[in-house]
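Okay, thanks for coming, everyone. I'll put the chain up on the screen and then walk through a few spots in it.

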Amino acid sequence: MADSYSFDVVSDFDRQELVNAVDQVRRDVATRYDLKDSKTEIDLEDTSLTITTASDLTLQAVEDVLRQKATKRNLSLKIFDFQTPEPVGGNRVQQVVKLRKGLSKELAKDLSKTVRDNLKKVTVAIQGESLRITGKSKDDLQQAIQLLKAQDVEVPLQFENYR
């Protein structure tokens, strides 16, 4: 039997599922009657997504389709950070959607402090963009997971390497 157990708290998403969801959105926009002639462009980069379309109304419709497709592909909607739309030339609107990945230093410190304050039998270590939580009992780690799930944070949390 091991003398201590641990798991990692990370914030990540499946990149391929996101690519598939964006492809579905592009197909949906190309075939939907109300969006067909809007000349909507969706560009997926490493850390962001750019939507360029005809008006605020079509932009809202494209956002809704993106949310629906992401949800169907088991992607958390917390990964999307919708920025304010900006007008671009020719009465068109562009919106940048930043993709949230990893825990920021402030969030990692807050989560670490929360776990340390509530659970005395576990230790928390910040490792880059993740947290490592270690304890002598699996029950203590389960309590830590439940505590973190109850927190309302702006990024999705996953629990990995449970050993």
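So, start at the ring of Phe13: Lys101 lies over its face, 5.4 Å from the ring centre. Keep in mind as we go that this is a predicted model.

Staying with rings for a moment: how many aromatic pairs does a search of the whole structure find? Two. One of them is Phe7 with Phe159, an edge-to-face arrangement with 5.9 Å from centre to centre and 75 degrees between the planes. That pair links distant parts of the chain, since Phe7 sits in strand β1, residues 5-10, and Phe159 in strand β9, residues 158-160, which puts them 152 residues apart. Phe7 is buried, with a relative accessible area of 0%, whereas Phe159 is partly exposed at 25%.

Then there's Phe80 with Phe82, and this pair is tilted: 5.9 Å centre to centre, with 45 degrees between the planes. Phe80 counts as buried because its relative accessibility is 4% and the cut-off is under 20%. Phe82, at 22%, counts as partly exposed.

Okay, on to helix α1, residues 15-31. First a quick sanity check on its length. With 17 residues at 1.5 Å a residue, α1 should span 24 Å, and its end C-alpha atoms are 25 Å apart, which agrees. Which residues of α1 are buried? Leu18, Ala21, Val22, Val25 and Val29. Those residues cover an arc of only 100 degrees around the axis, so they end up on the same side of α1. Turn to the face away from that buried side and you find the exposed residues Arg27 and Thr31.

What do the buried residues of α1 pack against? Quite a list here: β2 (41-44), β3 (48-53), α2 (56-72), β4 (80-82) and β6 (92-99). And at the start of α1, have a look at Asp14: one of its side-chain oxygens reaches to within 3.3 Å of the backbone nitrogen of Gln16.

Now follow the chain out of α1 into the loop between α1 and β2. Thr40 is in that loop, and so is Lys39. Is Thr40 buried or exposed? At 19% relative accessibility, Thr40 counts as buried, given that the cut-off is under 20%. Its neighbour in the loop, Lys39, is exposed, with a relative accessible area of 62%.

The side chain of Thr40 has a couple of polar contacts to point out. There's one of 2.6 Å to the side chain of Ser38, and one of 2.8 Å to the side chain of Thr53. Leaving aside residues up to four places away in sequence, Thr40 touches Val29, Ile51, Thr52, Thr53 and Val62. You'll remember Val29 from the buried residues of α1.

Back to Lys39 for its backbone: phi is near 55 degrees, a positive value in a residue other than glycine. Asn74 also has a positive phi, near 60 degrees, and isn't glycine either. Asn74 belongs to the loop between α2 and β4, and Asn74 is exposed, with a relative accessible area of 73%.

Last stop is helix α4, residues 138-150, which is where Gln146 sits. Let's run the length check here too. For the 13 residues of α4, 1.5 Å a residue gives an expected 18 Å, and the end C-alpha atoms are 19 Å apart, which agrees. Buried in α4 are Asp140, Leu141, Ala144, Ile145, Leu147 and Leu148. Looking down the axis of α4, the buried residues fall within an arc of 165 degrees, so they line one face of the helix. The face turned away from the buried side carries Asp139, Lys149 and Ala150, which are exposed.

As for what covers the buried residues of α4, that includes β1, α3 (105-118), β7 (122-127), β8 (130-135) and β9. β1 and β9 are familiar from the pair of Phe7 and Phe159. At the N-terminal end, Ser137 caps α4, with a side-chain oxygen 3.1 Å from the backbone nitrogen of Asp139.

One more on Gln146: it counts as partly exposed, at 47% relative accessibility. How far apart are the C-alpha atoms of Gln146 and Val19? They're separated by 31 Å, with their positions 127 residues apart along the chain.

That's my tour, so over to you.

Conventions:
Residues are numbered from 1 along each chain as its sequence is written. This is a predicted model: local features need pLDDT of at least 70, side-chain atom pairs count only at pLDDT 80 or more; totals for chains, interfaces and linings use all residues. Side-chain values use heavy atoms; hydrogens and water are left out. Rings of Phe, Tyr and Trp (its six-membered ring) pair if their centres lie within 6.5 Å; planes under 30 degrees apart count as stacked, over 60 as edge-to-face and the rest as tilted. Helices (H or I, at least four residues) and strands (E, at least two) are DSSP runs, numbered from the N terminus. Buried means under 20% relative accessible area, exposed over 50%, partly exposed in between (1.4 Å probe, protein chains only). A charge sits over a ring if NZ of Lys or CZ of Arg is within 6 Å of the ring centre and within 35 degrees of the ring normal. The expected span of a helix is 1.5 Å times one less than its number of residues. The arc is that of the directions from the helix axis to the C-beta atoms. Contact means heavy atoms within 4.5 Å. A polar contact is a pair of N or O atoms within 3.5 Å; within protein, one must be able to donate a hydrogen and the other to accept it, and residues adjacent in sequence count only if both atoms are side-chain atoms.
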